[in-house]
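Dear colleague,

I am handing over the structure we spoke about. Please look through it before you read my notes underneath.

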Amino acid sequence: MTSLHNSSTLHPTLLHNSFSQKLPTSRSPRRDAVSFTVKAAQEPSASLASQDRQRRRQVIAIGTAAPLVFLISQHSNSFAAENKKGFFSVLDKKDGYSFVYPFGWQEVVIQGQDKVFKDVIEPLESVSVNVIPTGKQDITEFGSPQDVAETLIKKVLAPSNQKTKIIEAKEQDVEGKKYYQFEFIAKAPNYTRHALSTVSIGNGKFYTLTTGANERRWEKMKDRLQTVIESFKIFDV
């Protein structure tokens, strides 16, 4: 087994982080007024009414399309949209992955993480994605699911002062790509977090997605968190 501990491509970065568009030129109001006056004098009222209805339809169409155009232009590499009922989906075209997260979670910026979404009321309810370079071609090159889970939890996914326990670690094959999934708990002095993680390799990168919740809310959240984990997919870029 290749030790995750000593891997120069996996841990140094993770341990260090630890866990215009131009506006159209305005036309002169006077020029517009003259143009309108001329048309009003030369065209019948029925034609004006037809043109007015057409302009209204154009305004409505532009107003409907503008938010979508803005969203796409602002997120050309990472696009979030409604997908499964109760979830939003994230598609990262630059790094080559996708997943879903529950409605109500907000995106936050955390140094060292590629994506983070969390509940603003229940901060332990979150999902994060970490992407780092690796020379490995397959997740199995780092060892068994249990081996990888133990190392990641101990060195990356939980603070060193928390007591951790792995509940399950397993391998899944999705469309010919191997993923390791594991479930664990991390106990702090004043709370316990119940978490799920999935890891895989593709595009010369090591991907880690982790989601979880406070232990007291686990029974309520576990199905949604499992949906998040199962939704994580890597694609070639």
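The notes below start with the chain as a whole and then turn to one strand and its two neighbours.

Please keep in mind that this is a predicted model.

The chain has 237 residues, and 37% of them are buried. DSSP runs give 5 helices and 11 strands. The exposed area of the chain comes to about 14400 Å², with 52% of it supplied by carbon and sulfur atoms.

The strand I looked at is β8, which covers residues 177-187. Of its 11 residues, 8 are buried, so the strand is mostly covered, taking buried as under 20% relative accessible area.

On one side of the sequence, β8 is paired with β7, residues 163-174. The two strands run antiparallel and are joined by 11 bridges. One of the bridge pairs is V174 with K177, the latter in β8. β7 and β8 form a hairpin, with 2 residues between the strands. E175 sits in that turn and has a positive phi of about 55°.

The other partner to mention is β9, residues 192-202. Its pairing with β8 is also antiparallel, over 8 bridges. Here Q181 has T198 of β9 as its bridge partner. β8 and β9 form a hairpin too, with 4 residues between them.

To put the strand together: β8 takes part in a hairpin with β7 and in another with β9, and 8 of its 11 residues are buried.

Regards

Note on methods. Residues are numbered from 1 along each chain as its sequence is written. This is a predicted model: local features need pLDDT of at least 70, side-chain atom pairs count only at pLDDT 80 or more; totals for chains, interfaces and linings use all residues. Side-chain values use heavy atoms; hydrogens and water are left out. Buried means under 20% relative accessible area, exposed over 50%, partly exposed in between (1.4 Å probe, protein chains only). Two strands pair if DSSP finds at least two bridges between them. Accessible areas come from the Shrake-Rupley method with a 1.4 Å probe; for residues, only the protein chains shown count as cover.
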